[in-house]
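Please open your viewer and keep the selection box handy. We will walk through this chain one stop at a time, choosing what to select next and seeing what is there.

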Amino acid sequence: MQRRCFLRLIALLLSVVWLTGCSAPQYLQPTPERTVAVPSVGHGQAVTVAVVDGRDGPQIGTRSGNAMSTSVITVEAGPLMPKLQAEAERALRDMGFEPTTQTAQGRPRLTLTLQRLEYGRGQSRPLIDEARLESVLVAKAENGGATYTGTYTSRRTQGYAVRPDLKDNTKMVAELLSDGLNRVFRDPELGRFLAR
């Protein structure tokens, strides 16, 4: 009898811990990284580069997919924007440019805006749920009075039987943003426009 009560108590405690973990908010600090080769089009020209957060706010969704849920997923701009800035500068250097944050009259300029970053729940199947992620980066290049704008959308659908934890979600968001950076900087038109 005591053993049965003890087992029930253990089961109850495990259920409470599991439910608490599922409803706890997550604060992600992804480290995106460009991984593709970029066109070598620059000849040492200086390019002013700025990365900005164009989202409405830092919350990207909830782990449950319910808007009223307490399992909110947040990606703050403070830690993320410097990482995106560093990757944008590295990409421009690899393209043959000299990136700078200083503006100057007549200097080419690249503004990279994180327009959207979303985490939602996809279709549910027996024993399997889905997380659906989407990011949109907008690159606006200005050179010689002309403007080139590119919009780069990345999507990812991830199936899971056990709801992703902080580490898994951080990895998924980092990979999503990395794909966005790859799309931006492998765009040959963007490089040619900055180099002209």
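Select Q26 and show its surroundings: beyond neighbours within four places in sequence, Q26 touches R63, V72, I73, T74, P164, D165, L166 and N169. The coordinates you are looking at are a predicted model. Q26 is found in strand β1. Is Q26 buried or exposed? Its relative accessibility is 6%, so Q26 counts as buried, the cut-off being under 20%. Now draw a distance between side chains: a polar contact of 2.7 Å joins Q26 to N169.

**Follow the contact to N169**

Move your selection to N169, which sits in helix α3. Its relative accessible area is 0%, so N169 is buried as well. Which side chain, apart from that of Q26, should you look for here? Pick Y119, whose side chain makes a polar contact of 2.8 Å with the side chain of N169. With neighbours within four places in sequence left out, the contacts of N169 are Q26, L28, R63, I73, Y119 and P164.

**Step over to P30**

Next, select P30 in the loop between β1 and β2. With a relative accessible area of 1%, P30 is buried. Add A174 to the selection and measure between the C-alpha atoms: the two residues are 144 positions apart in sequence, yet 4.8 Å apart in space. Leaving out neighbours within four places, P30 is in contact with V75, L80, K83, T170, V173, A174 and L177.

**Trace the strands**

Switch to a cartoon view and select β2, residues 46-53. Which strands should you pick alongside β2? One is β5 (residues 98-100), which runs parallel to β2 and is joined to it by 3 bridges. To find a matching pair, highlight T48, which stands opposite T100 in β5. The other is β6, also parallel to β2, with 6 bridges between them. Two pairs to highlight here are V49 with L110 and V52 with T113.

From β6, carry on to β7: these two strands pair in the antiparallel sense over 12 bridges. Select T111 and its bridge partner in β7, K140, to see one position of this pairing. If you turn on side chains while you are here, one general point helps: in a regular strand the side chains alternate between the two faces of the sheet.

**Look into the core**

Now show the largest nonpolar core, which has 39 residues. Where should you begin within this core? Good choices are I60, L92, L110, L112, L117, V184 and F185, which touch the most other members. The elements giving two or more residues to the core are β2, α2, β6, β7, β8, α3 and α4. Of these, α3 gives the most, with 7 residues. As general background, nonpolar side chains tend to be buried together in soluble globular proteins.

Centre the view on F185. Leaving aside neighbours within four places in sequence, F185 is in contact with R34, V38, P39, A88, A91, L92, M95, L110 and L112.

**Look down helix α4**

Select α4, residues 188-195, and colour L190, G191, F193 and L194, which are buried. Turn the view until you look down the helix axis: these buried residues fall within an arc of 160 degrees, so they line one face of α4. They pack against β2, α2 (77-94), β6 (109-121), β7 (129-143), β8 (146-160) and α3 (166-185). At the N-terminal end of α4, select D187, which caps the helix: a side-chain oxygen of D187 lies 3.0 Å from the backbone nitrogen of E189.

**Zoom out**

With the whole chain in view, count 4 helices and 8 strands. Along the sequence they follow the pattern α-β-β-β-β-α-β-β-β-β-α-α. Buried residues make up 42% of the 196 residues. Among contacts with a separation of 6 or more, 74% link residues 24 or more positions apart.

Finally, colour by pLDDT. The chain has a mean of 88, and 83% of its residues reach 70 or more. Over residues 11-22, however, the pLDDT is below 50, and this stretch has 4 contacts in the model beyond near neighbours in sequence. Where pLDDT is low, the predicted coordinates should not be read in detail.

Terms used:
Residues are numbered from 1 along each chain as its sequence is written. This is a predicted model: local features need pLDDT of at least 70, side-chain atom pairs count only at pLDDT 80 or more; totals for chains, interfaces and linings use all residues. Side-chain values use heavy atoms; hydrogens and water are left out. Buried means under 20% relative accessible area, exposed over 50%, partly exposed in between (1.4 Å probe, protein chains only). The arc is that of the directions from the helix axis to the C-beta atoms. Contact means heavy atoms within 4.5 Å. A polar contact is a pair of N or O atoms within 3.5 Å; within protein, one must be able to donate a hydrogen and the other to accept it, and residues adjacent in sequence count only if both atoms are side-chain atoms. pLDDT is the predictor's confidence in each residue, from 0 to 100. Two strands pair if DSSP finds at least two bridges between them. A nonpolar core is a set of buried Ala, Val, Leu, Ile, Met, Phe, Trp, Tyr and Cys residues joined through side-chain atoms within 4.5 Å.
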